[in-house]
Amino acid sequence: MSFHLPFRRGLAIGLALTISVSLVVASFLWTSTPNAEATTATAYRPDPNGPNGFNQPYGLVFDGEGNLWLSNNLGGSISKVTFPGGVPTALPAYVLPGLNGPGGLAFDADGNLWVANQFDNAIVKVTFPGGVPTASTPYTPVSPANFNGPRTLAFDAPGNLWVVTATGIQKVTLSGGVPTAQAAYDGGANPFSNPGDMVFDSDGNAWVTNQNGASVQKVTFTNGIPSAEPPYIPTGPLAMNNPSGLAIDLDGNLWVVNTGNNSLQEVKLTNGGSPDAQAALNPGGLFVFPRGLVFDQFNNPWVANLYGYSIAGLSTVLPLRPLGTPTITSVDKTDSTISVNFSENPNAVSYTATVYESSGTLGINTVQPSGTSVIETVPNYTPGTPITGLSGSTAYEVSLKALGNGTDTLDSLESAKSSVTTSAPAVTTTSSTSTTSTTTSTTTSTSSTSSTTTSTTTPTSSTTTSTTTPTSSTTTSTTVAPTTTTTAPTTTTTAPTTTTTAPAIDEAPVGAGLMTMPQGTVVPTPVTRFDDGITVGESDFNFALSFANGPSFSSGGSLLLRAGSASTVSGIGFRPGGTAEVWVHSTPMLLATASVGDDGTFSTEFAFPSSFPAGAHTVEVRGPDANGEARAIAVGVTFEDGSALPSTGTDSFNIFLIGAAILVAGAILVMLQRLQFR
């Protein structure tokens, strides 16, 4: 039996071994030497019980400002992670109406975030009015373009959104921002095998991971029509193990997250794009059920640890972490200066201030073209230092960047610009003083002469201009990252022979699947039809019911069963050597038990009770998962009355009815013939 319907998770091998108490508190470093290259591994796990904690992080994406966004698959939320001082710091999660099992994430060209809703087969657009994430109404296309368990998202160069589902990839056009889905493409002659993720390379080709096929697959496009090539399947020590997440680094090479063995694997694209798998990495046991993958602006990969409730990053320069983006707290102004105030980062060597002119008129020493233009860059800038030589009554913008030393820290991103308009120029005037002096003449009897002398001082006006010379200082700080070597403890667990203590799922809605997680939470899980029956659960943990004569379904799509009918149940992802149990409710009844093989699978035949009443019931499979955690998967079904005929397929009861009708008709004919001869 093949199990083609995973949803999001790989086997939980090593979960208890790798989550330590120290992970709960903050971030830390391990140092190892994979591929003869020094690598620093950083894991960050905020308190899962706090408002900033992650709840099964799945999808990862960076925004234009260098912040990391992740989806909380069980939290119905998204989280923003900033990097002050180069240290990942999660903000409280945004619980948004409309998010239901959020998985893959992708930003469009307009800065809107798109989310794949795994639990209700929809996608959701998240906008940011005033910087606050706001979810739109989920988009749920109808048949034949309906989504079948959407997992991850990717945008192509023309701006179309592609959705990876349980059965293929689907193109969604966004004309006027309105999504319109096309029917899924399953790979055609080279079908996908439980696709997990999708990414586009610089040549416009798509790459898809095949979780059940241990491979990656290239998809080319002719006039927009996809065509899948045969999968690339590395073997031996380079073999992939449930490859799920996928990303391309800044050098154009593929990287794959192997959920099955908790590793990260590079696939170099050489010789015109031919894939060449490299040895897988897992320094210090860093990855725990890895799923999502993304590269930051410094070419460092970041991985979402689904069951580790954490994110993990790798870098090849110690520690190669960018400084946090500075935040301008205020801007002071005069008629010719701007002073920027901000909080300094002790790890920054210095800061650079950049002044932009928004008015498009007079700049410094020149006339700038219309629009925002850089008119001055001030190195070694310190808080409050006046930037001089500016014009009065002019609109400016100013930003900051923190500079690292290039060894322990890297430069930050440029801060958001702050707008300021300088004051109007002041007028300074010195008043003049005028003095008038008059002499009176002396008069005699013989003659008179009148003489007047006037003396006037010339007004003197002076203007004094003061010049202020800014002082600058350089602060140099060198931080040596600590090196910690962690040895994972070795634990030996004896597989249980029964799972009677497993959390029971007494009732599942008809047609719907439910699953208990390791911590006991009950969550929705996919139910998908195949030729012989249905599969319930994820790619790494599921069961299937199959029927020799084909399944029967109600008009609403739920499985129809008849009391006394036989079925085969198969499962994957259970603990090797353990026992799986098959139950039916409403009145709990153990129908069968099966031993789990070394590969985590089982299969057994059983029959439903002949006395089981008609109506809605629940079929449940219990057993320990690969990590020994008690788990359960259930599906709501309908038992039909014994006289009801199935909608599809045949069985012996049908044949009996047809035979009985023939016998009755034959008996009537014999009786009529006898009457005619009497």
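What follows is a short tutorial dialogue on reading features of this predicted model.

Me: Let's start with sheets. What is the order of the strands in the open sheet of 4 strands?

Reply: Strand order is read across the sheet, from neighbour to neighbour. Here the order is β8-β9-β10-β11, and the pairing is antiparallel.

Me: Which strands stand at the edges, and why is one side of each left without a neighbour?

Reply: Look for strands with one partner. β8 (102-107) and β11 (134-135) each have a single partner strand, so one side of each has no neighbour in the sheet.

Me: How many bridges join β9 to β10?

Reply: Go down the pair and count. Strand β9 (residues 113-117) and strand β10 (residues 122-127) run antiparallel and are joined by 5 bridges. To get your register right, put Val 115 opposite Val 124 in β10.

Me: There's also an open sheet of 3 strands. What is its order?

Reply: That one goes β28-β29-β32, again with antiparallel pairing. Its edge strands are β28 (328-333) and β32 (386-387), each of which pairs on one side only. Strand β29 (residues 338-342) is joined to β32 by 2 bridges, the two running antiparallel. If you want a residue to click on, take Ser 339, whose bridge partner in β32 is Pro 386.

Me: Now β36. Are its faces covered or exposed?

Reply: For a question like that, check the residues on each side of the strand in turn. In strand β36 (residues 513-516), Gly 513 and Met 515 on one side are buried, and so are Leu 514 and Thr 516 on the other, which leaves both faces covered.

Me: Which strands does β36 pair with?

Reply: One is strand β37 (residues 522-525), paired with β36 in the antiparallel sense over 4 bridges. Another is strand β48 (residues 630-640), which runs antiparallel to β36 and is joined to it by 3 bridges. Leu 514 is a handy marker here: it stands opposite Pro 524 in β37 and opposite Ala 634 in β48.

Me: On to charges. How many salt bridges are there?

Reply: The idea is to look for a side-chain nitrogen of Lys or Arg within 4 Å of a carboxyl oxygen of Asp or Glu. The count comes to 4 salt bridges. One of them links Asp 625 and Arg 631, at 2.8 Å from N to O. Asp 625 is buried, at 3% relative accessibility, and Arg 631 is buried too, at 2%.

Me: What about Arg 622 and Glu 620: buried or exposed?

Reply: Both are buried. Their side chains meet in a salt bridge at 3.1 Å, N to O.

Me: And how does Glu 266 fit in with Lys 268?

Reply: They form a salt bridge too, with the closest N and O atoms 3.2 Å apart. Check each end separately, though. Glu 266 has a relative accessible area of 11% and is buried, while Lys 268, at 30%, counts as partly exposed.

Me: Let's do pockets. What is the volume of the largest pocket, and which residues lie nearest its centre?

Reply: Start with the volume, then see who lines the space. The volume of the largest pocket is about 910 Å³. Its lining has 41 residues, with Val 199, Phe 200, Ala 247, Ile 248 and Val 294 nearest the centre. By class, that lining has 23 nonpolar, 10 polar and 8 charged residues. Among the strands that each supply at least two lining residues are β16 (195-200), β20 (243-248) and β24 (290-295).

Me: Where does the second largest pocket lie, and why?

Reply: Ask which domains feed the lining. Domain 1 (54-315) and domain 2 (321-361 + 371-421) both contribute residues, so the second largest pocket lies between them. Its volume is about 550 Å³. The lining has 26 residues, and Glu 65, Asn 67, Gly 324, Thr 325 and Leu 413 are nearest the centre. Split by class, that lining has 11 nonpolar, 10 polar and 5 charged residues.

Me: Last one, a loop. Where does Asp 531 lie?

Reply: Name the elements on either side. Asp 531 is in the loop between β38 (527-530) and β39 (533-537). The residue counts as exposed because its relative accessibility is 75%, and the cut-off for exposed is over 50%. For a distance to check, the C-alpha atoms of Asp 531 and Phe 547 are separated by 9.4 Å, with the two residues 16 apart along the chain.

Definitions and conventions: Residues are numbered from 1 along each chain as its sequence is written. This is a predicted model: local features need pLDDT of at least 70, side-chain atom pairs count only at pLDDT 80 or more; totals for chains, interfaces and linings use all residues. Side-chain values use heavy atoms; hydrogens and water are left out. Two strands pair if DSSP finds at least two bridges between them. Buried means under 20% relative accessible area, exposed over 50%, partly exposed in between (1.4 Å probe, protein chains only). On a 1 Å grid over the protein atoms alone, a cavity is a set of points where a 1.4 Å probe fits but cannot get out, and a pocket is an open set with protein on both sides within 12 Å along at least five of seven lines; lining residues have an atom within 4 Å of a point. Grid points are joined across faces, edges and corners, and a volume is the space filled by probe spheres set on the points. Ala, Val, Leu, Ile, Met, Phe, Trp, Tyr, Cys and Pro count as nonpolar, Asp, Glu, Lys and Arg as charged, and the others, Gly among them, as polar. Domain bounds come from an automatic or database domain assignment.
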